[in-house]
Amino acid sequence: MRIVFVGPPGAGKGTQAEKIVAKYGLLHLSTGDMLRAARDAKTPIGLKAEEFMSTGRLVPDDVIIGIIVERLAQDDAKNGFLLDGFPRTIAQAEELDKMLKASGTPLDVVLELRVPEEELFQRLAGRGRADDQPEVIRQRLVAYREQTAPLVDYYTKSSLLKTIDGLGSVDAIFERIQTELDRY
Ligand code: AMP
């Protein structure tokens, strides 16, 4: 199964992603985790990415697309994956489509985890990550609204989108996700 997981920061994607990959035996690819690892290792890409991450802006498309192209080409991606935090712009989504079309392995489903914006701010402010400062949170929510939310329309047009209500307990939300994924 090849899944894209879309949702605003603070929606609970990371928590649900771990449960999904454990149950369905998928490779979990979180671009946020990859960028944080690159930043901590002080690689050139990591240092460049940090300028954007620390202010809540998206890393440029060419940087992130390069990382994903390399990662999806590896053998362990052949048995299916959950992309968590990628794509985040229409340009990234188009590039992903192109890449997967070329290998004859299109996406099966796009899960959108939907949570109202008022709720997100509260959740993020209580989390304590370096980019969870109020100003940075605000910028990350703006980036989502302006650059990532258009993906909902994009994937609705290709009939891949399934919207999941992201309010409720972790287990209740995971139940909703399983109901969708068990169809595949
Ligand atoms: P996340 O952990 O998914 O919230 O990502 C943390 C930060 O990494 C984001 O605020 C962005 O600066 C950067 N980032 C992660 N994934 C992407 C992406 N697909 N495109 C651009 N920037 C990204």
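Helices, taken as DSSP runs of at least four residues, are numbered here from the N terminus, and the model to which this numbering is applied is a predicted one. In these terms, helix H4 (61-72) and helix H5 (90-102) each contribute at least two residues to the lining of the second largest pocket, in which about 220 Å³ of space lies. The residues that line this second largest pocket are Arg2, Val69, Leu72, Ala73, Ala77, Lys78, Phe81, Met99, Leu100, Ser103 and Thr105, and by class they divide into 7 nonpolar, 2 polar and 2 charged.

The largest pocket has a volume of about 790 Å³. Its lining comprises 39 residues, of which Gly32, Arg36, Arg88, Arg129 and Arg140 are the closest to the pocket centre. Two or more lining residues are given by each of strand S1 (2-6), helix H1 (13-24), strand S2 (27-30), helix H2 (31-40) and helix H7 (134-148), and the largest share, 5 residues, comes from H2. Classified by residue type, the lining of the largest pocket consists of 14 nonpolar, 13 polar and 12 charged residues.

Turning to the interior, the largest nonpolar core contains 31 residues, and those with the most contacts inside it are Leu72, Phe81, Leu83, Leu96, Leu107, Val110 and Tyr155. At least two residues of this core are supplied by each of S1, S2, helix H3 (44-53), H4, strand S3 (81-84), H5 and helix H8 (150-157), with H4 giving the most, 6 residues. Phe81, which is among the core residues with the most contacts and also lines the second largest pocket, is in contact with Met1, Arg2, Ile3, Leu26, Leu27, Leu29, Leu72, Leu100 and Leu107 when its neighbours within four places in sequence are left aside. A second, separate core of 22 residues includes Ile3, Ala17, Leu124 and Leu141. In soluble globular proteins, nonpolar side chains tend to be buried together.

Within this second core, Ala17 is located in helix H1, and Ala17 counts as buried because its relative accessibility is 0%, where the cut-off for burial is under 20%. Residues up to four places away in sequence being excluded, Ala17 touches Phe5, His28, Leu82 and Asp84. Of these contacts, the one with His28 joins residues that are 11 apart in sequence, with a C-alpha to C-alpha separation of 7.2 Å.

Terms used. Residues numbered from 1 in each chain as written. Predicted model: local features only at pLDDT ≥ 70, side-chain atom pairs only at ≥ 80, totals over all residues. Heavy atoms only, no water. 1 Å grid on protein atoms, 1.4 Å probe; cavity = no way out; pocket = protein on both sides within 12 Å on 5 of 7 lines; lining within 4 Å. Points joined across faces, edges and corners; volume = space filled by probe spheres on them. Nonpolar A, V, L, I, M, F, W, Y, C, P; charged D, E, K, R; others polar. Core = buried A, V, L, I, M, F, W, Y, C linked by side-chain atoms within 4.5 Å. Buried < 20%, exposed > 50% of the residue type's maximum accessible area, 1.4 Å probe, protein only. Contact = heavy atoms within 4.5 Å.
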